[in-house]
Amino acid sequence: MTAGDAARIAGAISPLAGAGASDARLGVDAQTPSDAALAMTQRPPTSPPAPTTLAETGLQRAFLEGLLCKAMYRLSLERTSHIGYTLRLSMTLLGDLIDVARSAGLLEAKGQDAATVTSEMRWSLTALGRERALQALSQSDYVGAVPVPLEQYAIQVSRQSIHGEALQRPALERALSDLTLADDVMARLGPAANSGSSILLYGPPGNGKSSIAAVLAQAFGHHVWLPYAIEVDGQIIALYDPAVHQALPSGEVERLTGAGSGLRRSRSVDPRFVACRRPKLIAGGELTLDMLDLAYSPASRVYAAPLQAKAAGGVLVIDDFGRQREAPQDIINRMIIPLEKQVDYLSLTTGRKFEVAFDALIVFSTNIPPKQLVDEAALRRLRYKILVDRPDRETYVRIFLKTAERFGLEVGEDVLPHLLLELYPKTEGAELQAFHPRFLIDQTRSICAYEQVAPQLRPDFLDKAWRNLFTSE
């Protein structure tokens with residue numbers, strides 16, 4: 001290495017070595033941003049108001065009676081509180097429903113469970129009630145929260161639409177603080193996310209496309225209210241999915257609404273809804289077109305909402321775009337019209353086709369050149385196309401220093417010159433990649449553990465780690 005080379009590396013390192021918390025893009029491990037920490041220009045979404053009468057649930061009396069009887073029959077429910085928790089109805093509305101069911105001869109009182117102030121009334125199904133339960137079960141096995149009619153769901157989606165959020169630079173930088181990105185990428189991501197339109201992140205593998213897409217939802221603070229289920233023509237569509245939705249802690253819900261959690265907040269907020277972080281769904285190579293339509297279970301006679309509906313108010317990432325079994329053009333064709341009109345059309349097995357709000361930011365991520373994926377017409381309809389390229393030398397150095405700092409490792413004066421002036425130039429086809437620093441540092445830490453020495457970055461350890469980065473023919 002010449003004196004000139006050493007000077008160039010030293011010049012690249014010296015202004016960056018002190019960069020840290022003062023540079024938002026070089027911060028240490030990012031924590032999931034809280035709603036209060038993110039600088040948003042919009043107020044939190046309006047919560048769904050609790051119905052005050054059975055009519056305000058938007059459901060037919062016979063439907064509610066059938067769901068009540070099913071829940072009591074299938075789950076052996078007797079106590080008023082247990083029934084209310086299962087159906088997600090306030091005690092007032094549940095009392096009204098029980099009165100209606102008693103008048104119809106479906107329920108009878110069994111008395112209180114104890115002679116105390118806190119004792120509860122117990123209920124049982126009559127013979128007619130058991131017959132109604134079996135009849136309702138023959139139509140659908142759904143037992144749970146009273147569903148929200150499609151019309152009420154559409155109103156709530158409009159109240160919390162991601163299109164109504166205004167993402168500002170500080171919020172985006174906080175969300176992406178665990179990544180080190182080129183200034184051009186940062187400058188383009190914010191307007192793209194604010195558009196609520198489609199985004200295509202493309203470029204060589206290993207440079208952060210998937211990571212960028214995955215954390216975009218965190219940049220949008222606040223929360224959304226998702227119904228447990230939706231009702232359409234008497235059919236049930238399960239929407240809330242604890243496997244993909246992150247419900248807010250009860251204390252945070254109480255702070256946001258000024259009321260209690262669960263059924264105790266029923267005076268102001270509809271208990272049929274769950275307060276969740278803005279959804280973030282990621283579909284990779286396993287994505288099929290069927291996953292974008294209602295999934296009907298013949299066994300339970302209940303529908304599962306498609307991916308884009310579960311992502312309502314949040315972000316849907318289609319990762320590894322072009323690696324799916326479905327043709328990329330077909331996926332674009334399925335998604336692009338709903339994206340443009342913000343309306344999707346779904347069909348029941350009965351043949352009923354209905355309109356539902358399409359309210360998700362769609363991010364496509366691919367390492368395949370876009371022109372090899374879809375035709376020019378489809379590319380034009382993907383409104384934002386952002387190249388996430390290999391890092392230049394300065395960005396690479398920033399990534400390496402930041403990663404080393406995260407693991408508490410010191411970067412000696414000989415480390416980066418060895419990497420940038422020895423290993424890369426002397427390895428055929430080796431190019432700077434954003435994932436290389438983390439890979440090399442992880443490997444070096446494993447080598448240190450094996451050699452029983454304190455974790456440290458040394459040129460000889462980097463040489464060993466380097467050999468695991470590439471394959472030989």
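The legends below accompany close-up views of a predicted model.

**View 1. The whole chain holds 18 helices and 16 strands.** Of its 473 residues, 50% count as buried. The accessible surface comes to about 21800 Å². Carbon and sulfur atoms own 49% of that surface. Among contacts with a separation of 6 or more, 76% link residues 24 or more positions apart.

**View 2. An open sheet of five strands pairs in parallel.** The strand order is β9-β12-β15-β4-β16. β9 (280-283) and β16 (384-387) stand at the edges, and each has a single partner strand, so one side of each lacks a neighbour in the sheet. From one strand to the next, the twist averages 20°. At the β16 edge, four bridges join that strand to β4 (residues 199-202), and the two run parallel. Y202 has L387 of β16 as its bridge partner.

**View 3. Helices α9 and α12 lie across strands of the parallel sheet.** Helix α9 spans residues 209-219. It lies across β4, β9, β12 (315-318) and β15 (361-366). Its direction makes an angle of about 165° with β15. Helix α12 (residues 328-341) lies across β12 and β15. Here the angle to β15 is about 150°. Angles over 145 degrees count as roughly antiparallel, so both α9 and α12 fall in that class relative to β15.

**View 4. D320 occupies the loop between β12 and α12.** Most residues other than glycine have a negative phi. D320 is not a glycine, yet its phi is positive, near 50°. Its relative accessible area is 38%, so D320 is partly exposed.

**View 5. A second open sheet of five strands has mixed pairing.** Its order is β3-β6-β7-β11-β10. The edge strands are β3 (148-149) and β10 (295-297), each pairing on one side only. β3 runs parallel to β6 (residues 229-232), with two bridges between them. Within this pair, V148 stands opposite I230 of β6.

**View 6. Strands β13 and β14 form a hairpin.** The strands run antiparallel, and five bridges join them. β13 covers residues 343-347, and β14 covers residues 353-357. S347 has K353 of β14 as its bridge partner. Five residues lie between the strands, and G351 takes a positive phi near 100°. Which residues of β14 make up the covered face, and which the uncovered one? F354 and V356 form the covered face. K353, E355 and A357 form the uncovered face.

**View 7. Helices α2 and α4 cross at about 95°.** α2 spans residues 61-75, and α4 spans residues 91-103. Their axes are 10 Å apart. The two helices are therefore roughly perpendicular to each other. On the α2 side, the contact involves R61, L64, E65 and L68. On the α4 side, L97, V100 and A101 take part. An α-helix has 3.6 residues a turn, so residues three or four places apart point the same way.

**View 8. Helix α18 buries residues on one side.** The helix spans residues 459-467, and its buried residues are P459, F461, L462, A465 and W466. Why do these residues lie on the same side of α18? They cover an arc of only 150° around the axis, which puts them on the same side. Their packing partners are α16 (415-426) and α17 (436-451).

**View 9. Q452 sits in the loop between α17 and α18.** Buried or exposed? Q452 counts as exposed, at 75% relative accessibility. Phi of Q452 is positive, about 60°, although the residue is not a glycine.

**View 10. T403 belongs to helix α15 (residues 393-406).** The relative accessible area of T403 is 4%, so this residue is buried. Which residues does T403 touch, not counting those up to four places away in sequence? P437, R438 and I441 are its contacts. T403 and D442 are 39 residues apart in sequence. In space, their C-alpha atoms are 9.7 Å apart.

Technical notes. Residues are numbered from 1 along each chain as its sequence is written. This is a predicted model: local features need pLDDT of at least 70, side-chain atom pairs count only at pLDDT 80 or more; totals for chains, interfaces and linings use all residues. Side-chain values use heavy atoms; hydrogens and water are left out. Buried means under 20% relative accessible area, exposed over 50%, partly exposed in between (1.4 Å probe, protein chains only). The arc is that of the directions from the helix axis to the C-beta atoms. Contact means heavy atoms within 4.5 Å. Two strands pair if DSSP finds at least two bridges between them. Accessible areas come from the Shrake-Rupley method with a 1.4 Å probe; for residues, only the protein chains shown count as cover. Axes are lines fitted to C-alpha atoms, for helices over the stretch in contact, and angles run from 0 to 180 degrees between N-to-C directions. Angles under 35 degrees count as roughly parallel, over 145 as roughly antiparallel, 65 to 115 as roughly perpendicular and the rest as oblique.
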